[in-house]
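Me: Hello! I am new to this structure and would like to walk through it with you. Could we take it one question at a time?

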Amino acid sequence: MTEAETTLAELDGWTMAFENATADARISEEAERDVAHAVRLGREAWAAYVAATGGEPDPDVRDRTPAVFFGA
C-alpha cells in the first residue's frame, strides 16, 4: 500500500468518526469531546494525505472530506 493509500484510509476513518460524532443528537460534554477529537485527528490525516499526494489531493477525496478538516 502506498503512503497516499494509507493516509487516505486514515482520512476516511476520521471522516466517518466525525460524521458519527456530529450525528449524535445529544448535547453532552462527551459528544463535544468526540467531535473535537475527530476534528483534530481529521486535520492531521488531511495534512498527511495532502503531503503524500505531493500537494495534489484527488478532487473526489476533497469533496467527501468534511470542510472543517481543511482548517489549521
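Me: Is Arg64 buried, partly exposed or exposed?
Reply: Happy to start there, and please keep in mind that this is a predicted model. The relative accessibility of Arg64 is 40%. Buried would need under 20% and exposed over 50%, so Arg64 counts as partly exposed.

Me: Which residue forms a salt bridge with Arg64?
Reply: Arg64 lies in helix H3, and its partner sits in helix H1, 52 residues apart, so look at distant parts of the chain. That partner counts as partly exposed, at 30% relative accessibility. The closest N and O atoms of the pair are 3.2 Å apart, and the residue is Asp12.

Me: How many salt bridges does the structure hold?
Reply: One of them joins Arg64 and Asp12. Another is made by the side chains of Arg40 and Glu44, at 3.5 Å from N to O. The total for the structure is two.

Me: In which helix do Arg40 and Glu44 both lie?
Reply: Arg40 is partly exposed, with a relative accessible area of 44%, and Glu44 is partly exposed at 44% relative accessibility. They are four residues apart, about one turn of the helix. The helix they both lie in is H2.

Me: Which helix gives the most to the largest nonpolar core?
Reply: Nonpolar side chains tend to be buried together in soluble globular proteins. Here the largest nonpolar core has nine residues, among them Leu11, Phe18, Trp46 and Phe69. Helix H1 (3-23) and helix H2 (29-52) each supply at least two of its residues. With five residues, the helix that gives the most is H2.

Me: Which residues does Phe18 touch, not counting residues up to four places away in sequence?
Reply: Phe18 is a good one to pick, as it belongs to the largest nonpolar core. Ala38, Val39 and Phe69 are also members of that core, and Phe18 touches each of them. The full list of contacts is Val35, Ala38, Val39, Pro66, Val68 and Phe69.

Me: Is Thr7 buried or exposed?
Reply: Thr7 is found in helix H1. Leaving out residues up to four places away in sequence, it touches Ala45, Ala48, Tyr49 and Ala52. Its relative accessible area is 10%, and the cut-off is under 20%, so Thr7 is buried.

Me: Which element has the highest mean pLDDT?
Reply: For the whole protein the mean pLDDT is 87, and 92% of its residues reach 70 or more. Among the elements, H1 has the lowest mean, 87. The highest, 94, belongs to H3.

Technical notes:
Residues numbered from 1 in each chain as written. Predicted model: local features only at pLDDT ≥ 70, side-chain atom pairs only at ≥ 80, totals over all residues. Heavy atoms only, no water. Core = buried A, V, L, I, M, F, W, Y, C linked by side-chain atoms within 4.5 Å. Buried < 20%, exposed > 50% of the residue type's maximum accessible area, 1.4 Å probe, protein only. Contact = heavy atoms within 4.5 Å. Salt bridge = Lys/Arg side-chain N within 4 Å of Asp/Glu carboxyl O. pLDDT = per-residue confidence, 0-100.
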